[in-house]
Amino acid sequence: MRKLKRIISATLASMLALSTFTACKDVVNYIPNEKIEGSSLYVKKVEDLPDDFILGMDASSVIAEEQSGVKYYNFNGEEQDVFRTLAESGVNYIRVRVWNDPYDENGNGYGGGNNDVEKAVEIGKRATKYGMKLLVNFHYSDFWADPAKQMVPKAWKGMDIETKKQALYEYTRDSLTKLKEAKVDVGMVQIGNETNGAMCGETIWFNIQQLMQEGSRAIREIFPEALVAVHFANPEKVTNYTSYASKLAYYNIDYDVFASSYYPYWHGTRENLSSLLSGIATTYNKKVMVMETSYAYTGEDTDFSGNTIGDGSVVTKEYPYTVQGQANSVRNVIDTVAHTTGGIGVVYWEGTWITVGTSSWEENSAKWEKYGSGWASSYASGYDPNDAGKYYGGCAVDNQAFFDAEGKPLESLKVFNLVKYGNEVEPKADAIEDVNLTVDLNGTIVLPEKVNAIMTDDSKQSIPVEWKVTESELQAMYTGGVKKYEITGTAGGMAAHCYISMVEYNFITNYSFEEGETGWTLTSLGNMNEFYIEDKVTDSLTGNKHVHFWSAATSSVEFTVEQQVNGLPSGKYKYSISIMGGDCGETDIYSFVKIDGEIVKTQALSINGYGNWDTALISDVEYTEGQTIVVGIYVKCSGSGNGAWGKIDDALLNSQK
Ligand code: CA
């Protein structure tokens, strides 16, 4: 029975394919096949870029944006369909996410564009109209699916795997049929989004692979010409990827493209990405691509709802947050994938998602709630209580869009065209590289006289800087304790930033034993069962590692842990170290400072049970350059009960006024 059904739908599919082909004749291709002239954007040509290389844009939120009143313009300042502007700039693929049912029981949208299949049809029709293919991204959830969550659609909750398989197959088939009937030019379909070990509420691969297989089967049936893609995130975790790829092969999943997210500020180096993807492409004979990437054109938020990266965020910042920096990031990701074995394309994530208003959070919030143009509305709370329920709000990537807050396209959008031809205009200074200083509270702040200007071609030039700071402001930093400050300045007419971290500089190497015994000498003076650097976060004062000791026999614990500190400037110092443990009986424990072989100061410590760290502080150590200084701890325990045990961590040697 089912077999018969399959034959019928295959015939139907080929008939529909024919009608799509006929319709294509009416489609005007807005994607330029020559270079866009006159751009001020610096773009180094990507050599040997194939004509059919996918230069994609995820534009899932466009309809919700337009419903919220957002207008998009072309490069002449005229209002124009954003899909046409994308095509005219070289984008040849539009990606759209599809959620099964992103609405609550009263029909209120969850947000994030309220992207159900009807929205995908509308977006797909507009993409097709301007000559771009559609990449359909099934999350197989009612809301966001990513490495942190893969929630099952409401209607499929509680289904056993056999029933869920059938539901997923039918849902995929029916959704794609709607796209086919609307004559949408579907080029690729994803079976799941960032499915790092979970999908559709399933968390074991034996079940996940069965669902993927059903999704793939439906895609092959309805769009036999389309590519089937799987999609994962976090390529910086190399072994995870090789494991995913081998599981897909083991279960014989029918797919064409192994795709990865690559956010350069989170996901490791391009070299790592390339070697990982080319390895998978070669081993399993698959195509590979970057399914999501993005970069900030400004550090500022424009919609009153915080962004994933921007001013003040602590991430790897390879390029300045400028229009040119954004273009350089995208160009380099395209270059990387184009020169990776099996590499077929790069899709930018949500370059059209901008602020829905300019006056206030209240103005925007009303639109996010009503039209779903924020990342989540309050109506998502029931389905996603722990994330959307707590943090619902606006757009977190408006500063990574290719349109400014008014809907005007940024020059960087032309990168999709210019990568093919190159546009190596005269490089000029684009931004000033941040300066980061770490200064000992007892040291001296030395502000640099020159800073690096980052050029539009991503090279650097050292230029003079003038800092805006008074002597009394600098003095206040010395007396303000451990704290971070920002000083601004001007270099080449641009703003410069110097971040100063005032710290208590620790002169001890490997102070928290995270690098094992490096720098330390562990000397056993007794007959202990265990005495080593242990890797156990719950038993560490900070970090993951510490010195561990344990001995069953009475009076067998006796040892020293010490370090000779080299390169110490003359001055006054304080030294501390911490211990915890139990069952130690009578103890003789003290920290010490030795100068030229003589113990000059000690401080006693005691053992007080699990988690009760005792810290010994030795102050007023006078040191003169040329002397030999050793700091350490001596431990002797008589033992009781289950045997003496303990942990030692965090040695600090700081200068003292
Ligand atoms: Ca924002």
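Helices and strands here are DSSP runs, numbered from the N terminus, and a strand is a run of at least two residues marked E. With that in hand, let's walk through this predicted model.

**Stop 1: a glycine in strand 8**

Select residues 343–348, which make up strand 8, and pick out Gly-345 within this strand. Is Gly-345 buried or exposed? Its relative accessible area is 0%, so Gly-345 counts as buried. Now show what surrounds this glycine: leaving aside residues up to four places away in sequence, Gly-345 touches Phe-53, Ile-54, Val-288, Met-289, Val-290 and Val-337. For a distance to try in your viewer, draw a line from the C-alpha of Gly-345 to that of Asp-335; the two are ten residues apart in sequence and 9.8 Å apart in space.

**Stop 2: the calcium ion**

Next, click on the calcium ion and display its protein donors: Asp-301 (OD), Asp-303 (OD), Ser-305 (O), Asn-307 (OD1), Cys-395 (O) and Asp-398 (OD). They lie 2.1 to 2.3 Å from the ion. Along the chain, these donors follow the spacing D-x1-D-x1-S-x1-N-x87-C-x2-D. Two of them, Asp-301 and Asp-398, link distant parts of the chain, being 97 residues apart. Look for Asp-301 in the loop between strand 7 (287–293) and helix 9 (323–338), and for Asp-398 in the loop between helix 11 (388–391) and helix 12 (415–421).

Why is the arrangement called octahedral? The six donor atoms subtend angles of 75 to 177° around the calcium ion, which makes it so. For reference, ideal angles for six octahedral donors are 90 or 180 degrees.

Switch on a surface here too. Asp-301 is partly exposed, with a relative accessible area of 33%, whereas Asp-398 is buried at 1%.

**Stop 3: a hairpin**

Select residues 450–455 (strand 11) and 460–464 (strand 12). The two strands run antiparallel and are joined by five bridges; one bridge pair is Ala-453 with Gln-461 in strand 12. Together they form a hairpin with four residues between the strands, and Asp-458 in the turn has a positive phi of about 75°. Add residues 429–432 to see strand 9, which runs antiparallel to strand 11 and is joined to it by three bridges. In this pairing, Ala-429 stands opposite Met-455.

**Stop 4: an open sheet, 17-18-25-20-23**

Five strands come together here in the order 17-18-25-20-23, forming an open antiparallel sheet. At the edges stand strand 17 (530–535) and strand 23 (609–623); each has a single partner strand, so one side of each is left without a neighbour in the sheet. Neighbouring strands are turned by 25° against each other on average, direction ignored. Zoom in on residues 571–582, strand 20, which pairs with strand 23 in the antiparallel sense over nine bridges. Here, Ser-578 stands opposite Thr-615.

**Stop 5: another open sheet, 16-19-24-21-22**

This antiparallel sheet has five strands in the order 16-19-24-21-22. Its edge strands are strand 16 (521–524) and strand 22 (598–605), each pairing on one side only. From one strand to the next, the twist averages 20°. Strand 21 (587–595) runs antiparallel to strand 22, with seven bridges between them, and Ile-589 stands opposite Leu-605.

**Last stop: colour by confidence**

Colour the chain by pLDDT. The average is 94, and 96% of the residues score at least 70. Then select residues 1–23, where pLDDT stays under 50; the model has 16 contacts beyond four places in sequence for this stretch.

Notes. Residues are numbered from 1 along each chain as its sequence is written. This is a predicted model: local features need pLDDT of at least 70, side-chain atom pairs count only at pLDDT 80 or more; totals for chains, interfaces and linings use all residues. Side-chain values use heavy atoms; hydrogens and water are left out. Two strands pair if DSSP finds at least two bridges between them. Axes are lines fitted to C-alpha atoms, for helices over the stretch in contact, and angles run from 0 to 180 degrees between N-to-C directions. Donors are N, O and S atoms within 2.8 Å of the metal (3.2 Å for Na, K and Ca); water is not among the atoms, so sites may look incomplete. Four donors count as tetrahedral if all angles lie between 85 and 135 degrees; four count as square planar and six as octahedral if opposite donors are over 155 degrees apart and all others between 65 and 115; anything else is irregular. Buried means under 20% relative accessible area, exposed over 50%, partly exposed in between (1.4 Å probe, protein chains only). pLDDT is the predictor's confidence in each residue, from 0 to 100. Contact means heavy atoms within 4.5 Å.
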